[in-house]
Amino acid sequence: MNPEPPPFGDPTNIRRENNAAISKGVAVGCGGCLMVVAALVFFIVAVLGLVMLFLRGSEPCVETMRRAQKSPALQQALGEPMKMGWILTGGVSTMNDSGSADVSIPISGPKGSIRIHTRAQREAGVWNYKEMSAPLPTGEVVDLLKTLPEQAAPAP
């Protein structure tokens with residue numbers, strides 16, 4: 001009888017250790033990749049949510065929503081209450097007392113939804129609206145600058 005163990009250990013123990021290592025590797029490897037992907041998706045959604053939150057609170061978007069809610073044509077087409085959607089496109093850029101905005105804002109009500117296109121320039125802290133149009137499903141385009149008198153925002 002040979003008192004020395006085999007050079008690489010007991011073969012039955014090696015198989016058991018290999019099977020345990022493989023199952024741990026699969027669990028940690030796939031689970032680890034899944035956690036990285038989930039964290040990345042969460043980060044991207046959080047950043048986009050913050051951007052949309054700041055964009056929704058910008059003065060041109062707030063003014064567009066105010067005018068849309070007071071427009072008789074939009075009240076009839078969309079119904080009450082009207083709400084601003086979350087997926088805004090375009091952008092608002094400001095620096096000191098000047099800036100520009102070119103945004104497409106989704107607005108919905110019980111009867112349907114539309115997108116209002118707003119373009120504006122900010123000079124000396126006051127937004128001057130160039131366009132604020134809402135195409136209706138009927139094909140008619142409501143000009144929100146003409147339906148309500150423009151109220152300039154006070155300079156800060």
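A salt bridge here is a side-chain nitrogen of Lys or Arg within 4 Å of a carboxyl oxygen of Asp or Glu. With that in hand, let's work through this predicted model.

**Exercise 1.** Decide whether the side chains of Glu131 and Arg119 meet the rule, and find which strands they sit in.

*Solution.*
- Start with the distance: the N to O separation is 3.0 Å, and the pair forms a salt bridge.
- Next, place the partners: Glu131 is in strand β5 and Arg119 in strand β4, so the contact ties together parts that lie 12 residues apart in sequence.
- Finally, check exposure: Glu131 is partly exposed because its relative accessibility is 23%, and Arg119 is partly exposed because its value is 34%.

**Exercise 2.** Work out which residues the salt bridges join into one network.

*Solution.*
- Take Arg66 and Glu63 first: their side chains meet at 2.7 Å, N to O.
- They are three residues apart in helix α2, so about one helical turn separates them.
- Now turn to Glu63 and Arg67, which meet at 2.8 Å and lie four residues apart in helix α2.
- Sharing partners in this way joins Glu63, Arg66 and Arg67 into one network.
- As for exposure, Glu63 and Arg67 are both buried, whereas Arg66 is partly exposed, at 23%.

**Exercise 3.** Judge how far to trust the coordinates, using pLDDT.

*Solution.*
- Look at the chain: its mean pLDDT is 81, with 79% of residues at 70 or more.
- Then look at residues 150-156, where pLDDT is below 50.
- Where pLDDT is low, predicted coordinates should not be read in detail.
- Among the elements, β4 has the highest mean confidence, 92, and α1 the lowest, 78.

Terms used:
Residues are numbered from 1 along each chain as its sequence is written. This is a predicted model: local features need pLDDT of at least 70, side-chain atom pairs count only at pLDDT 80 or more; totals for chains, interfaces and linings use all residues. Side-chain values use heavy atoms; hydrogens and water are left out. pLDDT is the predictor's confidence in each residue, from 0 to 100. Helices (H or I, at least four residues) and strands (E, at least two) are DSSP runs, numbered from the N terminus. Contact means heavy atoms within 4.5 Å. Buried means under 20% relative accessible area, exposed over 50%, partly exposed in between (1.4 Å probe, protein chains only).
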